[in-house]
Amino acid sequence: MVADPVVRAAHAMKTPSKKIPAAADPIPDCRRMGDEELFGRLSAEKSEADRAFAELYARHSARVWAYCRCVFGDAVRAEDVFQDTFARFFERGQQKTHVRNVPAYLLITARNLCLNAKRDTKPSISIEDLQLTVHDRPFENRELLELVNTAMALLPAEQREAFFLREYEDLSYDDIGGILSCTALSARIRVSRARKKLREILHPYVVELTQP
């Protein structure tokens, strides 16, 4: 059981806020294959490649979508990067590239596309915007989740990504470091700072939620 309300709300992000359109239905045989074998079949003839892609999409689309929403907040921009991530993933598979860790590869691809998309943009949320949501009453879990999502948009990108990968993906700090191109220690520090900053931003709500 997760005691910290901020972290508990982050875990609730495991249910995407948007229903992701499904690819073609995978067949039972594909469901028994590992990610690496399925990725190798993306370079096969069309019907087999489509079935392999459908299974990989079913397994990993939710985490990629949630990551894109974590980075952008805006569903429209997140959707663009999400679709581009899987398009490039499929194209890469057809080039007979060897990928051993499919989830990490997808997240790295999504991250690179997100960075490119955000390069010339500025944050559109301020601390004043968050303060406008204050109400003198306890918050339901859904409201807390919305507040945490808003608060996460105020974090530096490196902290927001590290926090997401730790609390949503349950990745080790070594794995987070591999995705973010930093050391495990740096990943741990980023997560710690993100937690601290979120608690500071959400202190009024956390106090209400933790009172007996």
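This briefing covers helix α11, the aromatic contacts and the salt bridges of the structure. The model is predicted. It holds 12 aromatic pairs and 11 salt bridges.

**Helix α11**

- Helix α11 comprises the 18 residues 184-201; at 1.5 Å a residue its expected span is 26 Å, which agrees with the 26 Å between its end C-alpha atoms.
- Buried positions in α11 are A187, R190, V191, A194, L198 and I201; they lie on the same side of the helix, because the arc they cover around the axis is only 95°.
- L185, R193 and K196, on the other side of α11, are exposed.

**Aromatic contacts**

- F53 and Y57 form a tilted pair, with 6.1 Å from centre to centre and 45° between the planes.
- These two residues, F53 and Y57, are four residues apart in helix α4 (residues 46-72), and therefore about one helical turn separates them; both are buried.
- Y57 also pairs with F82: the ring centres are 6.1 Å apart and the planes stand at 70°, so this pair is edge-to-face.
- The Y57 and F82 pair links distant parts of the chain, since Y57 belongs to helix α4 and F82 to helix α5 (residues 75-94), 25 residues apart; both residues are buried.
- A cluster linked by ring pairs contains F39, F53, Y57, W65, F82, F86, F89, F90 and Y105.
- R166 is placed over the face of Y173, at 4.2 Å from the ring centre.

**Salt bridges**

- Side chains of opposite charge can pair when their charged atoms come close.
- E161 and R111 form a salt bridge in which the closest N and O atoms are 2.8 Å apart.
- E161 is in helix α9 (residues 157-167) and R111 in helix α6 (residues 102-118), so this salt bridge ties together parts 50 residues apart in sequence; both E161 and R111 are buried.
- E158 forms a salt bridge with R190, with 3.7 Å between the closest N and O atoms; the pair links helix α9, which holds E158, to helix α11, which holds R190, across 32 residues.
- E158 is partly exposed, at a relative accessible area of 37%, whereas R190 counts as buried because its relative accessibility is 14%.
- E167 and R195 form a further salt bridge, the closest N and O atoms being 2.3 Å apart; E167 is in helix α9 and R195 in helix α11, 28 residues apart.
- E167 counts as buried at 5% relative accessibility, while R195 is partly exposed with a relative accessible area of 22%.
- R31, D35, E55 and R59 are joined into one network by salt bridges that share partners.

Notes. Residues are numbered from 1 along each chain as its sequence is written. This is a predicted model: local features need pLDDT of at least 70, side-chain atom pairs count only at pLDDT 80 or more; totals for chains, interfaces and linings use all residues. Side-chain values use heavy atoms; hydrogens and water are left out. The expected span of a helix is 1.5 Å times one less than its number of residues. Buried means under 20% relative accessible area, exposed over 50%, partly exposed in between (1.4 Å probe, protein chains only). The arc is that of the directions from the helix axis to the C-beta atoms. Rings of Phe, Tyr and Trp (its six-membered ring) pair if their centres lie within 6.5 Å; planes under 30 degrees apart count as stacked, over 60 as edge-to-face and the rest as tilted. A charge sits over a ring if NZ of Lys or CZ of Arg is within 6 Å of the ring centre and within 35 degrees of the ring normal. A salt bridge is a side-chain nitrogen of Lys or Arg within 4 Å of a carboxyl oxygen of Asp or Glu.
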